[in-house]
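I opened the model to look up how its chains meet and how their strands are arranged. My entries follow in the order in which I made them.

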Amino acid sequence: MNNNDISYTLQALAEHLDARLIGDGARQVRALATLGDAGPDDIAFLANRAYLKYLPGTRAGAVLLHPSHADECPVACLTLDNPYLGYARLSRLFDPLAARFEAGVHESAIVSPSARIGENVQIGPQAVIEAGVVIERDVVVGPGCVVGADSVIGEGSRLHANATVAHGVMIGKRTILHSGCVIGGDGFGFAHDGSRWHKIAQLGGVVLGDDVEVGSCSSIDRGALGDTLIGNDVKIDSQVQIAHNVQIGDHSALAGCVGIAGSTRVGRHCMLGGGVGLSGHLTLCDGVQVTGMSLVSHSIHEPGVYSSGAGGTMPNSQWRKNAVRFKQLDALAKRLSRLEKRRDEKPDVERQRDEKYKDDS
Amino acid sequence: MNNNDISYTLQALAEHLDARLIGDGARQVRALATLGDAGPDDIAFLANRAYLKYLPGTRAGAVLLHPSHADECPVACLTLDNPYLGYARLSRLFDPLAARFEAGVHESAIVSPSARIGENVQIGPQAVIEAGVVIERDVVVGPGCVVGADSVIGEGSRLHANATVAHGVMIGKRTILHSGCVIGGDGFGFAHDGSRWHKIAQLGGVVLGDDVEVGSCSSIDRGALGDTLIGNDVKIDSQVQIAHNVQIGDHSALAGCVGIAGSTRVGRHCMLGGGVGLSGHLTLCDGVQVTGMSLVSHSIHEPGVYSSGAGGTMPNSQWRKNAVRFKQLDALAKRLSRLEKRRDEKPDVERQRDEKYKDDS
Amino acid sequence: MNNNDISYTLQALAEHLDARLIGDGARQVRALATLGDAGPDDIAFLANRAYLKYLPGTRAGAVLLHPSHADECPVACLTLDNPYLGYARLSRLFDPLAARFEAGVHESAIVSPSARIGENVQIGPQAVIEAGVVIERDVVVGPGCVVGADSVIGEGSRLHANATVAHGVMIGKRTILHSGCVIGGDGFGFAHDGSRWHKIAQLGGVVLGDDVEVGSCSSIDRGALGDTLIGNDVKIDSQVQIAHNVQIGDHSALAGCVGIAGSTRVGRHCMLGGGVGLSGHLTLCDGVQVTGMSLVSHSIHEPGVYSSGAGGTMPNSQWRKNAVRFKQLDALAKRLSRLEKRRDEKPDVERQRDEKYKDDS
């Protein structure tokens with residue numbers, strides 16, 4: 001990606017980040033790059049000691065780093081206590097999408113006359129805004145997006161191309177929905193009459209807080225009666241499934257391919273690794289971390305790191321032998337107990353025998 | 001969600017459900033709610049003993065429940081033998097989507113002149129109906145949906161916004177496709193020539209039965225030669241992947257994130273928990289239930305509940321110790337056997353020795 | 001699917017495949033079918049010995065098979081050393097989609113004046129082509145697709161309905177994107193300030209090679225700084241998630257529901273089974289195969305087949321007993337070691353005793 005129109009002086013960046021500048025403040029940088037890849041027009045950053053080895057040889061125009069590394073930096077630098085956070089803030093300055101914003105409703109978009117569209121809103125080609133929708137100010141609705149009846153998109157939010165918001169969904173401010181995601185599809189609810197299924201209409205909605213992000217092709221289902229609730233600053237990666245009436249606390253992060261079954265409540269500041277599955281009707285307290293591809297089938301009441309599964313890969317030939325044993329695990333444990341019991345009984349027998357021999361001797 | 005235009009008398013609801021009414025039949029209710037949340041304008045239900053504690057204090061206008069709980073109900077009630085099924089039927093009366101239906105083809109939709117559109121059909125904005133498609137009566141095609149050439153959408157079905165049906169797909173009656181789902185994408189078929197892949201065109205289609213539901217962002221791939229077949233009353237949750245030439249029997253239910261590999265046949269009345277994976281070319285007989293995140297790598301010929309995996313989460317520090325041992329499991333089992341063998345040999349040795357000493361003595 | 005307009009003589013097919021024809025070259029076939037299903041107008045194939053039993057009774061007009069089976073074939077045949085590869089090549093001749101191609105930009109499509117559209121390109125209804133896009137010759141962009149600003153779609157590629165390509169994505173030649181897939185959504189990158197998340201703008205792009213296929217509802221995220229790189233001839237099934245800055249080597253194949261975390265590098269000629277998860281920042285060398293639903297949490301440096309997990313399903317009652325033991329596995333192993341140690345100490349004790357008795361005797 002070339003973004004040739006973006007350029008900042010180091011002085012301007014230092015002020016933006018509230019960083020200390022060492023070097024020529026008038027110098028211009030035009031892009032952000034890694035220490036290894038950066039050239040003279042780029043600003044790089046050092047946020048992980050593993051990359052320190054690239055610092056002495058960097059060709060970057062400037063480097064954002066911790067004050068403790070300033071002495072080792074061969075070029076201009078901006079120093080900050082949390083350079084990774086500085087990188088995050090810097091990255092947004094170099095985002096070409098921000099520059100491309102153009103307010104207005106594309107002529108091919110279909111906007112219901114009863115929808116209320118705020119100021120400075122961009123609605124892309126082929127988008128559909130249904131009746132009763134409220135689009136607050138500074139929102140971007142990408143091409144091909146659909147916003148269903150009576151939904152609200154909060155100030156400054158962005159829907160990327162082909163995102164879908166169903167009816168009656170409330171989306172907070174500065175929230176980002178990526179392409180292909182679906183907010184407010186029906187929860188999976190059916191009653192069985194002994195021979196077949198009867199659909200339970202999903203009458204609740206979905207409420208997303210402020211500063212939420214939902215990744216590509218992720219789905220958040222609407223509640224059966226009450227709403228599915230996603231707190232503020234919740235970050236959801238791609239291919240995630242959140243079932244009806246789930247609640248996710250503020251500041252939690254869900255990595256790709258996570259699946260959460262109905263009515264489960266995840267606390268604040270939780271982190272779920274890729275492919276984690278949570279069973280339904282559980283409660284995870286604040287501060288729970290679950291490692292990748294774990295199945296959580298019971299509530300968790302203490303913060304900490306949790307895992308399940310049989311561990312990492314091994315060569316298939318070795319794995320087969322171990323996996324076969326898993327089916328025997330209970331039997332193995334019982335055999336071990338039996339052996340221990342017999343072993344523990346031995347000393348007495350031996351003692352008696354020894355004593356007998358003692359007598360003999 | 002406010003649905004202020006929906007209102008029923010208790011008398012009308014009792015007749016609809018064929019329930020016994022105890023209380024004032026002229027009383028109006030305007031929404032469905034849980035026992036705990038319901039107010040005087042709402043009807044609630046009691047279908048799970050866990051919620052019985054909320055019955056004495058409910059503020060609901062009326063409660064749907066089993067006759068055995070009628071005496072404990074402080075307000076009007078409708079009694080039924082299967083109140084959960086009653087709740088399902090009631091829920092659909094309060095669904096605002098039903099009320100919003102408006103027949104007609106939106107002016108922005110693109111409908112091929114060779115498509116046949118039945119009576120009382122709604123085709124939303126920006127939808128595309130390709131050549132040779134048949135849309136039967138009472139169908140709703142949501143905004144942004146695409147129906148590919150020669151496909152058929154059966155009577156009373158509904159495609160939610162941005163659902164995609166490829167060419168040559170047959171969809172039964174009263175079937176629901178949620179947003180972002182894809183019916184009839186190519187199956188994953190390639191021949192290898194020793195150095196690279198050659199695509200196998202997927203010439204089969206997909207046939208969905210009546211009363212099927214497919215969740216948000218789920219995909220059902222078209223067959224390689226024959227069709228991928230989904231029976232009647234099959235319920236498929238969100239983020240599910242069904243590969244080419246899979247067959248799913250009537251009345252089966254697949255929870256979120258299930259993945260089924262090619263040519264596997266799932267029987268009738270099966271239930272697959274969230275995240276379950278089925279290998280290819282398997283057969284699961286009728287009445288098989290598989291618990292969440294299990295991998296099924298062999299056919300199952302007896303109905304019942306099946307599971308795999310290493311069980312639920314534990315603290316990561318404890319888990320690491322156990323997971324390391326999994327890699328040693330076969331070795332552990334062999335060591336146990338060796339120990340047992342030596343233990344079993346012992347008596348003879350000891351016996352001989354004992355006998356020897358007996359001689360000595 | 002009836003494709004009544006497609007018909008070939010056996011002679012023409014033999015020439016196309018460079019196969020030896022035994023039988024009447026003027027005979028016409030109109031479709032491809034399995035040995036068991038084929039009728040007189042169909043050509044069937046035998047590529048797997050498991051289906052050899054159907055050969056004597058086949059009603060096919062002709063059969064594609066290995067020369068060693070020609071004698072057993074009751075009808076005309078085409079012989080080839082790799083009949084499965086022959087089937088792949090044949091299948092594409094019978095694909096009705098190829099026949100349906102019609103060059104041109106649909107009047108409802110929105111194409112930016114700054115986009116460059118090659119010769120013989122089809123752009124479907126409701127599609128959106130943003131500013132600066134390059135669509136090379138012989139490309140098909142399906143209905144409802146969006147191609148973001150400055151992206152390039154290489155010669156002969158096909159985007160199926162409702163596929164989404166974000167801005168700044170490079171797509172090679174003859175590449176196929178299925179419906180609902182998203183190429184170039186933001187990678188999942190945030191910096192934490194101790195209390196909340198700060199978005200890291202994803203400034204890299206995605207580069208897909210030639211002859212790549214991406215399945216329905218799959219997502220490939222854009223890089224944080226550099227690009228996410230998918231090599232040539234990489235085949236990706238449905239519901240796959242590929243995170244930012246992942247690299248996949250040429251000729252690798254990823255089955256459905258695979259998830260790959262950020263910055264992981266997969267070699268050439270790798271095969272990942274359904275539901276496999278790869279942790280972030282790993283390296284898999286060339287020629288690695290991972291079986292279904294395995295979690296790979298460490299780099300793999302030797303080609304071969306790898307697995308993880310606790311093995312296949314068993315009845316739930318049996319599984320529960322084993323899964324409980326998994327939580328005790330480390331304790332069981334320690335108990336076993338203790339037992340072995342005590343057992344190993346025995347001989348000395350016994351030897352001493354034996355010797356003592358020897359002395360006694």
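**Sheets within the chains**

I began with chain B, where 9 strands make an open sheet with parallel pairing, in the order β10-β13-β16-β19-β24-β27-β30-β33-β36. At the edges of this sheet I found β10 (116–117) and β36 (283–284) of chain B, each of which pairs on one side only. The model is a predicted one, and I read every entry here with that in mind.

I then picked out one pairing in chain B. Strand β13 (residues 134–135) of chain B runs parallel to strand β16 (residues 152–153) of chain B, and 2 bridges join them. Which residue in β16(B) is the bridge partner of I135(B)? I looked it up and noted I153(B).

Next I turned to chain C. I found an open sheet of 9 strands there, paired in parallel, with the order β10-β13-β16-β19-β24-β27-β30-β33-β36. Its edge strands are β10 (116–117) and β36 (283–284) of chain C, and each pairs on one side only. Between strand β30 (residues 247–248) of chain C and strand β33 (residues 265–266) of chain C I noted 2 bridges in the parallel sense. R265(C) in β33(C) is the bridge partner of Q247(C).

**Chain B against chain C**

How many residues of chain B are in contact with chain C? I noted 84 residues on chain B, in contact with 77 residues of chain C. The two chains bury about 6,400 Å² between them, with 61% of it on carbon and sulfur atoms. I also looked up the main contributors on chain B: F188(B), W197(B) and L203(B) give 11% of the area that chain B buries against chain C, more than any other three residues.

For charged and polar pairs between chain B and chain C, I recorded 5 salt bridges and 27 residue pairs in polar contact, both residues being at pLDDT 80 or more. In one salt bridge the side chain of R325(B) meets that of D330(C) at 2.7 Å, N to O.

I then asked which elements of chain B supply this side. At least two residues each come from a set of strands and helices, among them β21 (182–185), β22 (190–192), β23 (197–199), α4 (316–326) and α5 (329–360) of chain B. The largest share of the side that touches chain C comes from α5(B), with 11 residues. By type, I noted 36 nonpolar, 32 polar and 16 charged residues on the side of chain B that touches chain C.

Strand pairing also crosses from chain B to chain C. β39(B) pairs in the antiparallel sense with strand β40 (residues 314–315) of chain C over 2 bridges. Opposite S307(B), in β40(C), I found M314(C).

**Chain B against chain A**

I repeated the look-up for the other partner of chain B. Here 76 residues of chain B are in contact with 83 residues of chain A. The area buried between chain B and chain A is about 6,400 Å², and carbon and sulfur atoms give 61% of it.

I recorded 5 salt bridges between chain B and chain A. One of them joins the side chains of E340(B) and R335(A) at 2.6 Å, N to O. The residue pairs in polar contact, both at pLDDT 80 or more, come to 27 between these chains. Elements of chain B that each supply at least two residues of the side that touches chain A include α2 (83–93), α3 (96–100), β28 (235–236) and β31 (253–254). α5(B) gives the most to this side, with 15 residues. I noted its division by type as 34 nonpolar, 24 polar and 18 charged residues.

Strand β39 (residues 304–307) of chain A runs antiparallel to β40(B), joined by 2 bridges. Y306(A) stands opposite P315(B) in β40(B).

**S179 of chain C**

My last entry concerns a single residue. S179(C) sits in the loop between β20 (176–177) and β21 (182–185) of chain C. Is S179(C) buried or exposed? I class S179(C) as buried because its relative accessible area is 6%, and the cut-off for buried is under 20%. A polar atom of its side chain lies 2.7 Å from the backbone oxygen of A161(C). Leaving out residues up to four places away in sequence, I found that S179(C) touches residues of chain B, T164(B) and V182(B), and residues of chain C, including H160(C), A161(C), S216(C) and C217(C).

Definitions and conventions:
Residues are numbered from 1 along each chain as its sequence is written. Chains are lettered from A and ligands numbered from 1 in the order in which they are written. This is a predicted model: local features need pLDDT of at least 70, side-chain atom pairs count only at pLDDT 80 or more; totals for chains, interfaces and linings use all residues. Side-chain values use heavy atoms; hydrogens and water are left out. Contact means heavy atoms within 4.5 Å. Buried area is the accessible area (1.4 Å probe) that two parts lose on being put together, summed over both. A salt bridge is a side-chain nitrogen of Lys or Arg within 4 Å of a carboxyl oxygen of Asp or Glu. A polar contact is a pair of N or O atoms within 3.5 Å; within protein, one must be able to donate a hydrogen and the other to accept it, and residues adjacent in sequence count only if both atoms are side-chain atoms. Helices (H or I, at least four residues) and strands (E, at least two) are DSSP runs, numbered from the N terminus. Ala, Val, Leu, Ile, Met, Phe, Trp, Tyr, Cys and Pro count as nonpolar, Asp, Glu, Lys and Arg as charged, and the others, Gly among them, as polar. Two strands pair if DSSP finds at least two bridges between them. Buried means under 20% relative accessible area, exposed over 50%, partly exposed in between (1.4 Å probe, protein chains only).
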